[in-house]
Amino acid sequence: MAVPILAYHQIAVPPSHTAPFRSMVVHPAAFHRQMEWLKRLGIQGLSLRDAMPYIRGEKTGKVAAITFDDSYANVYENALPVLQELGFTATNFVVVNQIGGSNVWDTPIGVAKAACMSVEQLLRWHSLGHEVGSHTLDHVHLPQLPMEEARRQITHSRELLEDLLDEGVSSFCFPYGDETPLDRVLTYEAGYSAATTTRRGRARPDNDPFGLPRATVRRNDSWLHFVKKCVVG
Ligand SMILES: [Zn+2]
């Protein structure tokens, strides 16, 4: 049974036509419709942690994992109420040194500044049963770093989140989808159970749990595009 792992970034009114990476901003109304389509198709939206037994083939059922990269405050504001309304859970991948900060890693490429969730927002997200995963300390290109720094980005981000949440952190997301076999090993050694990439496809029991494919949802995805990501390929 293959499980789609949906990847979202910002849930907000998209910026001007010329803004770079505008396609990564999904309108709140579109997000709401997409979640309702899942519900109507009988697909339960789950955090990656909750979806892993289905991905490993230990459980069967119609599920989709819902993930948000970068921990934007607009996900808290615009996506969380929808998830609550429909009884879905989701995973939020946090850039740990930017909790309460912003997407500073995007500024050099001209992406508009956007706030990241505060400590209070993260704790509330977590208290409602949603998952908090790590997206490193600083949103780095892991393969470009010396091994010890890559290890620190992967391991220390997990430790800090576990201290904050007082709970184990099991999911990791490679920034930019950038990873090597060594990065996967470091992620395993740090104690995570799963890691996601930006490779396209649905997750299957024979996938490396430290290199799970995902389906990125873009601003202008049509109904057909979205449903195909959820039920095909
Ligand atoms: Zn990211």
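A salt bridge is a side-chain nitrogen of Lys or Arg within 4 Å of a carboxyl oxygen of Asp or Glu. The side chains of Arg214 and Asp69 meet in just such a pair, at 2.9 Å from N to O. Arg214 sits in strand 10 (residues 212-216) and Asp69 in strand 5 (residues 63-69), so this link ties together parts that are 145 residues apart in sequence. Helices (H or I, at least four residues) and strands (E, at least two) are DSSP runs, numbered from the N terminus. Arg214 and Asp69 are both buried, where buried means under 20% relative accessible area, exposed means over 50%, and partly exposed is in between (1.4 Å probe, protein chains only).

A word on where these values come from. The model is predicted, so local features need pLDDT of at least 70 and side-chain atom pairs count only at pLDDT 80 or more, while totals for chains, interfaces and linings use all residues. Residues are numbered from 1 along each chain as its sequence is written, and side-chain values use heavy atoms, with hydrogens and water left out.

Searching the whole structure turns up ten salt bridges. One of them joins Asp208 to Arg184, with the closest N and O atoms 3.0 Å apart. Here Asp208 belongs to the loop between strand 9 (194-200) and strand 10, and Arg184 to helix 7 (residues 181-189), so the pair connects parts 24 residues apart in sequence. Asp208 counts as partly exposed, at 32% relative accessibility. There is also a small network, in which salt bridges that share partners join Arg49, Asp50 and Glu167. Within it, the side chains of Asp50 and Arg49 meet at 3.6 Å, N to O. Asp50 is partly exposed, with a relative accessible area of 27%, and Arg49 is partly exposed too, at 30%.

Those two residues fall in helix 2 (residues 48-55), where six of the eight residues are buried, so the helix is largely enclosed by the rest of the structure. The buried ones are Leu48, Ala51, Met52, Pro53, Tyr54 and Ile55. Just after helix 2, Gly57 takes a positive phi of about 85°.

Next comes the metal. The zinc ion has Asp70 (OD), His135 (NE2) and His139 (NE2) as its protein donors, lying 2.1 Å from it. Donors are N, O and S atoms within 2.8 Å of the metal (3.2 Å for Na, K and Ca), and since water is not among the atoms, sites may look incomplete. Along the sequence, the donor residues are spaced D-x64-H-x3-H. Both His135 and His139 are buried.

Most residues other than glycine have a negative phi. Ser71 goes the other way, with a positive phi near 60°. This residue is found in the loop between strand 5 and helix 3 (73-78) and is buried, at 3% relative accessibility. Tyr176 has a positive phi of about 60° as well, but is partly exposed, with a relative accessible area of 35%.

Finally, the inside. A nonpolar core is a set of buried Ala, Val, Leu, Ile, Met, Phe, Trp, Tyr and Cys residues joined through side-chain atoms within 4.5 Å. The largest has 52 residues, of which Tyr8, Phe31, Met35, Leu38 and Phe68 touch the most other members. Helix 1 gives the largest share of this core, five residues. A second, separate core of 15 residues includes Val3, Met52, Tyr54 and Ala65.
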